[in-house]
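New to this one? Here's a quick briefing to read alongside the sequence and the 3D view.

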Amino acid sequence: MKRHLSSCFPKSAAVSGLLLFAVCFDAAASDLYTTINRLRAGESACASAKQLPPLRPQETLERAARNLARGDELQHSLKALGYRATRSSALWLKGDGVNEQAARMLANPGYCKQLQDAAVTEIGIYQDARQVWIVMAAPFAPSVPVSEQAAGQRVLDLVNQARATPRTCGNQSFKAARPVRWNNVLAESSRLHAEDMAHYNYFSHSGRDGSDPAQRVERAGYSYHMTGENIAAGQMNPEDALAAWIKSPDHCANLMNPGFIEMGVAYAVDSRSDMGVYWTQVFGAPR
């Protein structure tokens with residue numbers, strides 16, 4: 001799920017549904033965690049050219065697997081347990097003596113694709129006398145793989161590349177505009193608003209204190225002739241944030257405005273927030 005406007009609607013989240021596989025046999029397994037990670041690494045019938053890291057046992061996913069054995073639904077259980085997943089799935093094995101043969105049955109090629117899903121990183125297993133539930137998931141762990149300084153420079157470069165080409169933003173046509181330069185005060189104003197949105201879990205051009213972008217710029221110490229603000233949420237890299245702004249008519253217009261000569265940008269990350277990563281970009285023309 002990503003956002004790029006105060007008035008935009010979230011895009012669809014990429015979360016897999018529940019996948020069930022029922023197998024009846026007289027079986028049982030000893031150390032399924034070790035067995036599954038061996039299959040994930042390409043042993044037995046699960047040959048793979050990829051070098052996948054082992055799945056990490058996760059207590060919350062073990063509890064989710066136990067809940068499934070008691071009739072719960074995967075997404076409901078994960079939510080009730082407070083586990084946020086960007087991707088999740090489950091395997092179900094059942095039969096008399098299931099524990100003795102589960103490892104052998106999981107080596108069936110039909111299971112390999114799910115066990116070798118590179119997107120999942122954690123696992124939980126629940127076993128009783130007649131069934132085994134295996135839950136695998138990728139936890140919601142937002143991050144931006146570059147430093148704030150590197151992200152700022154990248155956005156600045158992308159903005160100036162965009163400004164070098166005439167474009168239409170909604171119903172407005174813009175000629176190519178001169179490059180903007182970096183401004184530390186505008187970057188600081190951007191950082192403060194991005195952090196506030198991330199830590200207090202909201203997405204708006206209006207601050208929690210009722211401030212608007214111009215007031216925040218003044219508060220940061222920037223004396224402006226004109227100013228404008230872009231915000232985005234959910235994007236994990238500068239390229240996606242910039243692409244979202246270009247797709248938004250109002251934010252595209254800010255980006256292409258020939259009156260702006262300076263900019264600053266910053267992001268903030270908080271895994272407890274809905275969107276995880278929040279971006280603020282501020283343009284200005286000083287007095």
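Let's start with one pair of residues: Arg181 has Glu262, in S9, as its bridge partner. Keep in mind that this is a predicted model. From that pair we can work outwards to the sheet, then to the helices on it, and finally to the nonpolar cores.

**The sheet**

- Arg181 and Glu262 belong to a short link between strands: S7 (residues 181-182) and S9 run parallel and are joined by 2 bridges.
- On to the next pairing, where S9 and S10 run antiparallel, with 8 bridges joining them.
- Two of the partnerships between these strands are easy to look up: Val269 is bridged to Val277 in S10, and Ala268 has Tyr278 in S10 as its partner.
- Put together, 4 strands make an open sheet with mixed pairing, and their order is S7-S9-S10-S8.
- Which strands stand at the edges? They are S7 and S8 (224-233), and each has a single partner strand, so one side of each has no neighbour in the sheet.
- As general background, strands of a sheet pair through backbone hydrogen bonds, in either a parallel or an antiparallel way.
- S9 is a good strand to look for in the 3D view: 7 of its 8 residues are buried, so the rest of the structure largely encloses it.

**Helices on the sheet**

- Helix H7 (residues 184-200) lies across S7, S8, S9 and S10, and runs at about 25 degrees to S9.
- H10 also packs on the sheet, where it touches S8 and S10; the angle between its direction and that of S8 is about 135 degrees.

**The nonpolar cores**

- How many residues are in the largest nonpolar core? It has 25, and the ones with the most contacts inside it are Val155, Val159, Trp245, Leu255, Met263 and Trp279.
- Helices H6 (148-163), H9 (238-247) and H10 (249-256), along with strands S9 (262-269) and S10 (277-286), each give two or more residues to this core.
- H6 provides the largest share of this core, with 6 residues.
- Setting aside neighbours within four places in sequence, Val159 is in contact with Val180, Leu242, Leu255, Met263, Gln281 and Phe283.
- Apart from that core there's another one, of 20 residues, including Leu32, Ile36, Leu106 and Ile125.
- In general, nonpolar side chains in soluble globular proteins tend to be buried together.

How values were computed. Residues are numbered from 1 along each chain as its sequence is written. This is a predicted model: local features need pLDDT of at least 70, side-chain atom pairs count only at pLDDT 80 or more; totals for chains, interfaces and linings use all residues. Side-chain values use heavy atoms; hydrogens and water are left out. A nonpolar core is a set of buried Ala, Val, Leu, Ile, Met, Phe, Trp, Tyr and Cys residues joined through side-chain atoms within 4.5 Å. Buried means under 20% relative accessible area, exposed over 50%, partly exposed in between (1.4 Å probe, protein chains only). Contact means heavy atoms within 4.5 Å. Two strands pair if DSSP finds at least two bridges between them. Axes are lines fitted to C-alpha atoms, for helices over the stretch in contact, and angles run from 0 to 180 degrees between N-to-C directions.
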